[in-house]
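Work through these exercises with the structure open beside you. Each task is followed by a worked solution.

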Amino acid sequence: MRKLLLHGLTQMFISFDQLLNVWLFPFSWNTWADETFSSRCGRLQHRYPYKVFGFVVDVLFYFQNNDLEHCRRAYEKEKTRYQMPPEMRQ
């Protein structure tokens, strides 16, 4: 039951993160509905304002792994389709 609750909460957070990504910059060629804001910051970390956004997100999620690599890890997970059901991953 605990795993099911954790899975559900994680999926809800990911969907909110994806919605935030689209709502912040809806009219940008860099906006993709299936990408999280964290991943976007990791993908575009070399550009302003994503350097700043990425740093803020990394600080907010510092507690997860005690480092400032949240956005980079989110981008790496997106590239492996980690958020997709296991049978749809490559």
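What covers the buried residues of helix 3? This is a predicted model, in which local features need pLDDT of at least 70 and side-chain atom pairs count only at pLDDT 80 or more, while totals for chains, interfaces and linings use all residues. Residues are numbered from 1 along each chain as its sequence is written, and side-chain values use heavy atoms, with hydrogens and water left out.

**Exercise 1. Describe the two sides of helix 3 and find its cover.**

Step 1. Locate the helix. Helix 3 spans residues 50–60. Helices are DSSP runs (H or I, at least four residues), numbered from the N terminus.

Step 2. Pick out the buried residues. They are Tyr50, Gly54, Val57 and Asp58. Buried means under 20% relative accessible area, exposed means over 50%, and partly exposed lies in between (1.4 Å probe, protein chains only).

Step 3. Look down the axis. The buried residues of helix 3 fall within an arc of 100 degrees, so they line one face of the helix. The arc is taken from the directions that run from the helix axis to the C-beta atoms.

Step 4. Turn to the other side of helix 3. Phe55 and Leu60 are exposed there.

Step 5. Name the cover. It includes helix 2 (37–43), helix 4 and helix 5. Contact means heavy atoms within 4.5 Å.

**Exercise 2. Repeat the analysis for helix 5.**

Step 1. List the buried residues. In helix 5 these are His70, Cys71, Ala74 and Glu78.

Step 2. Check their directions. They cover an arc of only 95 degrees around the axis, which puts them on the same side of helix 5.

Step 3. Find the partners. The buried residues of helix 5 pack against helix 2, helix 3 and helix 4.

Step 4. Step past the end. Arg81 follows helix 5, and its phi is positive, near 60 degrees.

**Exercise 3. Find salt bridges and state how exposed their partners are.**

Step 1. Set the criterion. A salt bridge needs a side-chain nitrogen of Lys or Arg within 4 Å of a carboxyl oxygen of Asp or Glu. The whole structure holds four.

Step 2. Take Glu69 and Arg72. Their closest N and O atoms are 2.5 Å apart. Glu69 is partly exposed at 31% relative accessibility, and Arg72 is partly exposed at 36%.

Step 3. Take Asp67 and Arg73. Here the closest N and O atoms are 3.1 Å apart. Asp67 is partly exposed at 25%, as is Arg73 at 21%.

Step 4. Take Glu76 and Lys79. Their side chains meet at 3.5 Å, N to O. The two are three residues apart in helix 5, so about one helical turn separates them. An α-helix has 3.6 residues a turn, so residues three or four places apart point the same way. Glu76 is partly exposed at 35%, and Lys79 is partly exposed at 48%.

**Exercise 4. Characterise the largest pocket.**

Step 1. Give its volume. The largest pocket has about 560 Å³.

Step 2. Fix the term. On a 1 Å grid over the protein atoms alone, a pocket is an open set of points where a 1.4 Å probe fits, with protein on both sides within 12 Å along at least five of seven lines; lining residues have an atom within 4 Å of a point.

Step 3. Find the centre. Of the 20 lining residues, Thr10, Ile14, Lys77, Tyr82 and Gln83 are closest to it.

Step 4. Assign the lining. Helix 1 (2–24), helix 4 (62–65) and helix 5 (70–79) each supply at least two residues. Helix 1 gives the largest share, six residues.

Terms used. Points joined across faces, edges and corners; volume = space filled by probe spheres on them.
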